[in-house]
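Please walk me through this structure, beginning with the surroundings of the ligand and then turning to a loop elsewhere in the chain.

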Amino acid sequence: MAFKGRDVISILDFSRNELEHVFRVANKMRGIMKHGTTLLKTNLMASLFFEPSTRTRLSFETAMARLGGRVVGFAEPGGTSIAKGETLEDTIRMVDAYTDIIVMRHPKEGSASSAAQVADHPVINAGDGSQHHPTQAMLDLFTIWRELGKVDGLHVAVVGDLKHGRAATSLIYGLSKFDHVRLSLVSPSLLKIRNEVADYLSEKNISMSETENLTDVIRDADVVYVTRIQKERFSDPAEYERVKGSYCLDLRAISGTNDQMIILHPLPRVDELATEVDSSPHAKYFEQAKNGVPVRMALLALILGEAR
Ligand code: NCD
């Protein structure tokens with residue numbers, strides 16, 4: 001499979017077979033995660049985070065370190081020449097000259113794709129505004145695949161801010177690659193999926209229903225994917241005030257659901273997922289966050305041509 005040298009901009013650029021290949025390699029990486037390898041010992045990864053991040057940045061950097069590679073970069077662009085007005089393209093040209101692969105998170109939609117156009121080395125999109133977060137979707141799908149043994153035929157409820165949430169959007173796109181997945185999209189009407197996502201789903205004939213009410217769908221769901229209302233992406237603060245606190249998944253909400261049902265969340269959570277749920281056997285979101293390391297190890301090794 002042709003992973004070597006590839007950019008990772010959108011999950012839509014990957015076929016189902018390619019995604020399953022990433023899962024298989026990630027499964028192997030789980031086994032070597034703790035003691036590490038020297039597979040990428042000659043490689044240097046740039047980690048460019050123009051927006052806050054905990055899990056994505058640290059799991060990419062951990063993945064690289066566990067593979068014996070090294071990392072340069074920043075988590076706070078205020079300390080770089082961007083503060084002097086340097087363009088993203090110029091910054092990327094420099095970083096591209098120094099390193100072998102670039103992982104970038106940026107608030108602007110389309111920025112990862114612009115970076116990939118100027119960089120000779122591969123660029124991995126770690127989130128571009130509200131648009132895409134492909135590696136999050138890969139680890140979400142990997143978690144579902146491991147926990148439930150398959151993705152085909154599942155009923156997945158995606159809950160929260162589906163308009164601004166790049167993790168939710170990328171997961172929806174990723175699920176569309178599998179067979180007979182049923183989507184229940186649960187959000188306040190202000191935060192429904194964007195038109196381009198709705199158009200894509202209808203073009204692909206994906207079974208999908210939209211509702212504001214989680215109780216309508218939760219009893220029949222195999223996966224409940226909860227997301228945070230993305231406060232920082234609202235242009236109108238009054239609009240945020242109207243929808244904040246729309247959902248709170250607590251133990252009462254999940255009573256009577258199917259035994260196998262799993263709850264995922266890309267994290268960070270605010271108030272949409274009660275901490276009392278953490279000890280429920282349905283809660284898999286910390287396992288999901290942990291899976292970020294082997295999945296990113298797999299991607300880095302495949303793209304840098306050291307895994308097949
Ligand atoms: C998500 C993100 O940054 O898009 N977090 C993550 O990468 N795990 C979700 C969010 O911020 O709500």
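Around the ligand, with a residue counted as near when one of its heavy atoms lies within 4 Å, stand Thr 56, Arg 105, His 133, Gln 136, Arg 166, Arg 228, Gln 230, Pro 266, Leu 267 and Pro 268. By class this shell holds 3 nonpolar, 4 polar and 3 charged residues, where Ala, Val, Leu, Ile, Met, Phe, Trp, Tyr, Cys and Pro count as nonpolar, Asp, Glu, Lys and Arg as charged, and the others, Gly among them, as polar. The model is predicted, and local features need pLDDT of at least 70, side-chain atom pairs pLDDT 80 or more, while totals for chains, interfaces and linings use all residues. Residues are numbered from 1 along each chain as its sequence is written, and side-chain values use heavy atoms, with hydrogens and water left out.

Oxygen atoms of the ligand take part in two of the pairs described here: one lies 2.9 Å from a polar side-chain atom of Thr 56, and an oxygen is 2.7 Å from an N or O atom in the side chain of Arg 166. A ligand nitrogen, in turn, is 2.9 Å from a polar backbone atom of Pro 266. Taken alone, the ligand exposes 320 Å², of which the protein buries 94%, the areas coming from the Shrake-Rupley method with a 1.4 Å probe.

Turning to the loop between β3 (101-106) and α4 (111-118), one finds Lys 108, which counts as exposed because its relative accessibility is 53%, the cut-off for exposed being over 50% (1.4 Å probe, protein chains only). Helices (H or I, at least four residues) and strands (E, at least two) are DSSP runs, numbered from the N terminus. Although Lys 108 and Gly 129 are 21 residues apart in sequence, their C-alpha atoms are 4.8 Å apart in space.

Methods. Polar contact = N/O pair within 3.5 Å; in protein donor to acceptor, adjacent residues only side chain to side chain. Buried < 20%, exposed > 50% of the residue type's maximum accessible area, 1.4 Å probe, protein only.
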